[in-house]
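Let's take a friendly walk through this protein model, one spot at a time. Have the sequence and the 3D view ready.

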Amino acid sequence: MIRSWCLAPHPRHPQPGYTPLTWIPPRTDTRHRALAWTCDCQETIYELRASGGLLYITRTRTLPIGTDTSETHRLRTREGWDTWHALLAGHAR
């Protein structure tokens, strides 16, 4: 469901030939800062985070029994932003 008053972006549906991202269990030993995120009106929410000079993306999926959170490996700044933009455009999932 897309609300007419959503403020955060909605990622496009995966495009043909999209790059699959490797999702791993989240680390809990680090502090992070959220840099960008997708709208919370969808079942899957993505968030671009910075920690220790590196970037990574978290994925939180709403399931019937709760939520499932996973994240990508840590990326250099440029690669992190490129991956974030690819995810929003539907070129990565």
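## Ser51, tucked away

In this predicted model, Ser51 has a relative accessible area of 11%, so it counts as buried, the cut-off being under 20%. You'll find Ser51 in strand 2, which covers residues 44-51.

Who are the neighbours of Ser51? Leaving out residues up to four places away in sequence, Ser51 touches Thr30, Arg31, His32 and Tyr56. With Arg31 there's a polar link too: the side chain of Ser51 reaches the backbone oxygen of Arg31 at 2.7 Å.

## Rings and a charge

Now for the aromatics. A pair of rings is described by how far apart the centres are and by the angle of the planes. How many aromatic pairs does the structure hold? Just one, made by Trp23 and Tyr46: the pair is tilted, with 6.1 Å centre to centre and 40° between the planes. These two come from distant parts of the chain, 23 residues apart, with Trp23 in the segment before strand 1 (33-37) and Tyr46 in strand 2. Both Trp23 and Tyr46 are buried.

Tyr56, which Ser51 touches, has company as well: Arg74 lies over the face of the Tyr56 ring, at 3.7 Å from its centre.

## The nonpolar core

Trp23 and Tyr46 also belong to the largest nonpolar core, a group of 12 residues that includes Leu21, Leu48, Ile57 and Trp84. Strand 2, strand 3 (54-63) and helix 1 (77-89) each supply at least two residues of this core.

Take Leu21 as one core member. Again skipping residues up to four places away in sequence, Leu21 touches Thr72, Thr83, Leu87, Ala92 and Arg93.

Key. Residues are numbered from 1 along each chain as its sequence is written. This is a predicted model: local features need pLDDT of at least 70, side-chain atom pairs count only at pLDDT 80 or more; totals for chains, interfaces and linings use all residues. Side-chain values use heavy atoms; hydrogens and water are left out. Helices (H or I, at least four residues) and strands (E, at least two) are DSSP runs, numbered from the N terminus. Buried means under 20% relative accessible area, exposed over 50%, partly exposed in between (1.4 Å probe, protein chains only). A polar contact is a pair of N or O atoms within 3.5 Å; within protein, one must be able to donate a hydrogen and the other to accept it, and residues adjacent in sequence count only if both atoms are side-chain atoms. Contact means heavy atoms within 4.5 Å. Rings of Phe, Tyr and Trp (its six-membered ring) pair if their centres lie within 6.5 Å; planes under 30 degrees apart count as stacked, over 60 as edge-to-face and the rest as tilted. A charge sits over a ring if NZ of Lys or CZ of Arg is within 6 Å of the ring centre and within 35 degrees of the ring normal. A nonpolar core is a set of buried Ala, Val, Leu, Ile, Met, Phe, Trp, Tyr and Cys residues joined through side-chain atoms within 4.5 Å.
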